[in-house]
Each structure stands twice: as C-alpha cells, then as structure tokens.
Amino acid sequence: MKALPCGHLAPAAGARVCAHLTTDNGPDCFRVLTGVATRYDLLCKSCADADAPELLDACAGCFQRAEGGADLGWRGSPEILRRDRDLGGAWTTTACPVTPLNDRCLAALPAGWLAWTADGLVALDPEPRHISVVDLPPESPPTGPGEAPEPALHTAADGRFAAAVTDYGRHGVVVDLASGAAPLALDRQGYHPQTVRFPVAFLGSVVVAATDWNRLDAFEAATGRLLTERVTSREENREHYLDYFFGALLPSPSGRFLLADGWVWQPEGIPLVLDCATWLAGDRHAPEHGQALAFRDSWDVPMAWVDDETVALQQIGDDLPIDGIQLHDARTGRRTGMFAGPAGRMWGHGGLLYVAAETGLEVWDPADGARVGLLEGFTPIAHRDGTFAELRDDQLRTWTPAA
Ligand SMILES: [Zn+2]
Ligand SMILES: [Zn+2]
C-alpha cells in the first residue's frame with residue numbers, strides 16, 4: 001500500500017479534502033458537490049472561494065475527521081439522475097362533490113376513500129356516504145413557536161376504523177366506521193403539541209397514539225381498551241423516561257415497526273424506529289428505546305418505508321441539507337445510501353418511492369437513486385396499496401401503476 005497524499009498509509013476515502021483539512025483541529029468546511037451523483041469534497045472557506053484550490057485524495061480517517069467540521073453547508077450541485085419512462089398504469093376520473101378539509105383529510109378504504117369534510121366523515125366507495133360528524137374539543141392557543149392546528153385523517157388497512165386528529169394540536173378521536181360510534185378519544189396533553197403532527201397509526205385492530213408529548217400507548221380500537229399500561233414518568237421510572245417529542249408515526253409494510261418523526265430539545269430532529277411486534281408481545285418499554293436513524297436540523301420532513309428494513313428520509317446532509325433522500329437501515333440506523341432530487345410529500349410502495357413534487361407525481365427508484373417517471377399535473381393526497389388519489393374541484397382522479 002502506498003501512502004496517500006494526506007500522508008497516511010490507510011484506505012482511501014474516494015474523495016478529496018483541501019490541504020488545510022489534513023491536520024487535527026482544521027478549520028470548518030463546506031461539502032462541495034462534484035456533480036457526480038451526490039459525491040463531494042471537503043474544502044475550507046478560503047479554498048471553497050478560490051478559483052483552483054489544491055485538493056488531496058484523503059484517507060478515510062482524514063475525511064471522516066474533516067467532515068466533523070462540515071458545518072458551513074453545501075456548495076456546487078449534485079447530479080440528479082433521471083431515466084424517465086412512460087409509466088403507463090390505469091387512470092380513473094369520477095365526479096365527486098366532496099371537499100376534504102385539507103390535503104391530509106383523505107385516507108384509504110379497502111374499496112375507496114374516506115374524506116373528512118365540513119360535515120364530518122364521508123366514505124367514497126364509490127358513492128359518497130355520510131358516516132358521522134367529528135366532534136373534537138377546542139384547541140388551546142399554542143404555548144410557543146410551531147404550526148397552527150390542522151385536521152388530519154388516518155384509516156386502518158381493513159377500513160373498520162378511522163382516526164380524525166389535529167396535527168400540531170392536542171385532540172383526536174377514533175371512529176368505528178361501521179357504526180359511526182367513537183370508542184376512543186385521543187388526548188396527547190398540552191405540552192408543545194404545535195411542534196409536531198399528531199402521532200397516531202393503526203396496526204391491524206390496534207391503534208397506537210400519543211397520550212403525552214413523550215409517550216405512545218396502544219389501544220384496542222374497537223373498545224378503546226388500553227393495552228400498554230406502564231410507568232414512564234421521570235420521577236417514578238428514570239430508567240425508562242424518554243425525553244422526546246413524538247410526531248408523525250408511519251407503520252412499516254409488515255406493520256412490525258413504526259417510524260416516529262420527532263425531536264429533542266436543542267432542537268434536534270431524530271427519526272426513531274420502534275419495534276411494535278416486541279412491544280405488543282410484552283416488551284413494555286420498547287417505545288422508550290427506539291433506534292435513532294439520524295440527528296438533524298429539522299423534523300416533520302417527508303419519510304417513507306422502502307421495505308421493512310429500509311427507511312427513506314428526505315433531505316441530504318443532516319445539517320443545512322439539500323433536496324434528496326437518505327436511505328437508512330431500520331435496525332442499525334446506519335445510512336446506506338443517498339441521492340439528490342426528491343422534494344415533496346412521499347409514499348413508499350413496492351420498493352419504489354412516489355413523491356408529490358411541484359410539477360406532479362414523481363416515481364424514484366432507490367436502488368439506483370434515479371427518477372424513473374413523472375406524471376405531470378397529478379398531485380395525489382392519499383395512497384392505498386399502489387393506487388394514488390387526487391380529489392379537488394369536485395373530481396376524484398386515481399392512478400394505479402402497471403403491475
Ligand atoms: Zn483549505
Ligand atoms: Zn489521511
């Protein structure tokens with residue numbers, strides 16, 4: 001093995017650093033994209049500003065050490081891979097005089113969709129059918145910075161139950177869609193709910209929801225019976241006290257894991273993977289011991305499961321990020337890949353990622369980080385097992401990819 005230009009007899013990083021970054025305690029630096037995929041070099045400010053800076057092939061150790069000071073952000077542009085093909089697939093368009101309260105108020109039913117409208121819950125299967133009104137307690141004014149309360153709708157995969165909740169708010173309710181009854185009122189208390197979406201998800205006949213800023217519980221959806229009695233307060237159970245604001249919850253394809261979007265004081269966003277199979281089988285403090293995937297500037301960023309082992313997080317670079325996707329191993333948290341481009345609400349299905357971007361629905365293949373298609377002008381707001389739905393101007397449009 002020959003010594004690298006940084007002076008070390010060590011494995012190459014496959015990337016370069018400026019000469020000022022080969023020593024301990026070097027200056028802060030930029031990540032400077034090379035224009036090849038998402039590869040980047042590290043350059044101190046004066047080198048990043050220079051016309052022809054001297055760059056050295058670094059060893060893995062030098063690069064990693066220098067990257068610890070990559071606090072200045074990004075320069076240059078990534079390569080965005082586009083291999084658009086005709087996506088084909090099947091379209092439907094039907095008149096539908098139903099107006100969801102917002103883009104989060106349409107959810108999947110096994111044979112249609114459920115909308116939360118000004119009149120309450122309306123099933124579209126396919127003719128509009130009124131299910132129930134939604135009656136939630138008023139929200140208190142926020143106690144700090146955050147978002148205004150917004151209604152959001154979730155459904156169980158078998159279509160038996162829905163949860164009508166308040167993102168960035170405190171209250172919600174589980175509704176039995178067969179009877180219109182409300183077996184369970186949801187209340188996550190008043191500690192800074194304006195900072196996160198309402199944490200709720202269905203796992204089969206169980207609904208998981210926040211009952212405090214740092215606590216999730218599981219309930220039998222049909223009866224509202226609590227399944228996860230335990231002590232989590234700092235005073236009574238320091239070992240299992242969790243200092244974490246739970247946000248949106250996203251079940252993995254098998255339902256075994258939940259991806260939680262949330263944050264801790266500084267503030268710092270930390271996506272967590274929770275093992276619900278072990279939790280519901282008796283490991284009662286599993287939600288207090290999730291696997292962190294990243295420590296980042298932001299949260300409430302689009303996320304999706306690629307498969308049961310892989311999570312896609314939007315935004316590349318955990319601080320001062322750029323548009324794109326980081327792939328993480330759900331079990332270890334390790335970052336396993338990244339690619340530039342995607343930005344927008346996102347769903348995973350069949351190993352592909354579907355992103356509602358400004359111009360339309362984009363399909364991305366995380367296997368090689370390329371966009372493989374674009375449906376211009378189609379901006380879905382709900383997804384069911386590969387079928388995407390857009391409901392606006394009294395028109396319901398759906399698209400299902402070719403099998
Ligand atoms: Zn330099
Ligand atoms: Zn070195």
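Three strands, in the order β16-β17-β18, make up an open sheet with antiparallel pairing. Keep in mind that what you're looking at is a predicted model. Besides this sheet, the briefing covers how the chain splits into domains and how domain 2 meets domain 3.

**The β16-β17-β18 sheet**

- At the edges sit β16 (200-203) and β18 (215-220), and each of them pairs on one side only.
- Ignoring direction, neighbouring strands here are turned by 30° against each other on average.
- As general background, strands of a sheet pair through backbone hydrogen bonds, and the pairing can be parallel or antiparallel.
- Strand β17 covers residues 206-212 and runs antiparallel to β18, with 6 bridges between them.
- If you want a spot to click on, try Ala-210: its bridge partner in β18 is Leu-216.

**How the chain is divided**

- The domain assignment splits the protein chain into domain 1 (12-79), domain 2 (80-100 + 301-403) and domain 3 (134-300).
- Domain 2 is therefore listed as two segments, 80-100 and 301-403, going by the automatic or database assignment.

**Where domain 2 meets domain 3**

- Measuring between C-alpha centres, domain 2 and domain 3 are 24 Å apart.
- Contacts between the two involve 16 residues of domain 2 and 20 residues of domain 3.
- On the domain 2 side that touches domain 3, the elements giving two or more residues are β24 (303-307) and β25 (310-316).
- That side of domain 2 is a mix by residue type: 8 nonpolar, 3 polar and 5 charged.

Technical notes: Residues are numbered from 1 along each chain as its sequence is written. Chains are lettered from A and ligands numbered from 1 in the order in which they are written. This is a predicted model: local features need pLDDT of at least 70, side-chain atom pairs count only at pLDDT 80 or more; totals for chains, interfaces and linings use all residues. Two residues are in contact if their C-beta atoms, placed from the backbone, lie within 7 Å. Helices (H or I, at least four residues) and strands (E, at least two) are DSSP runs, numbered from the N terminus. Ala, Val, Leu, Ile, Met, Phe, Trp, Tyr, Cys and Pro count as nonpolar, Asp, Glu, Lys and Arg as charged, and the others, Gly among them, as polar. Two strands pair if DSSP finds at least two bridges between them. Axes are lines fitted to C-alpha atoms, for helices over the stretch in contact, and angles run from 0 to 180 degrees between N-to-C directions.
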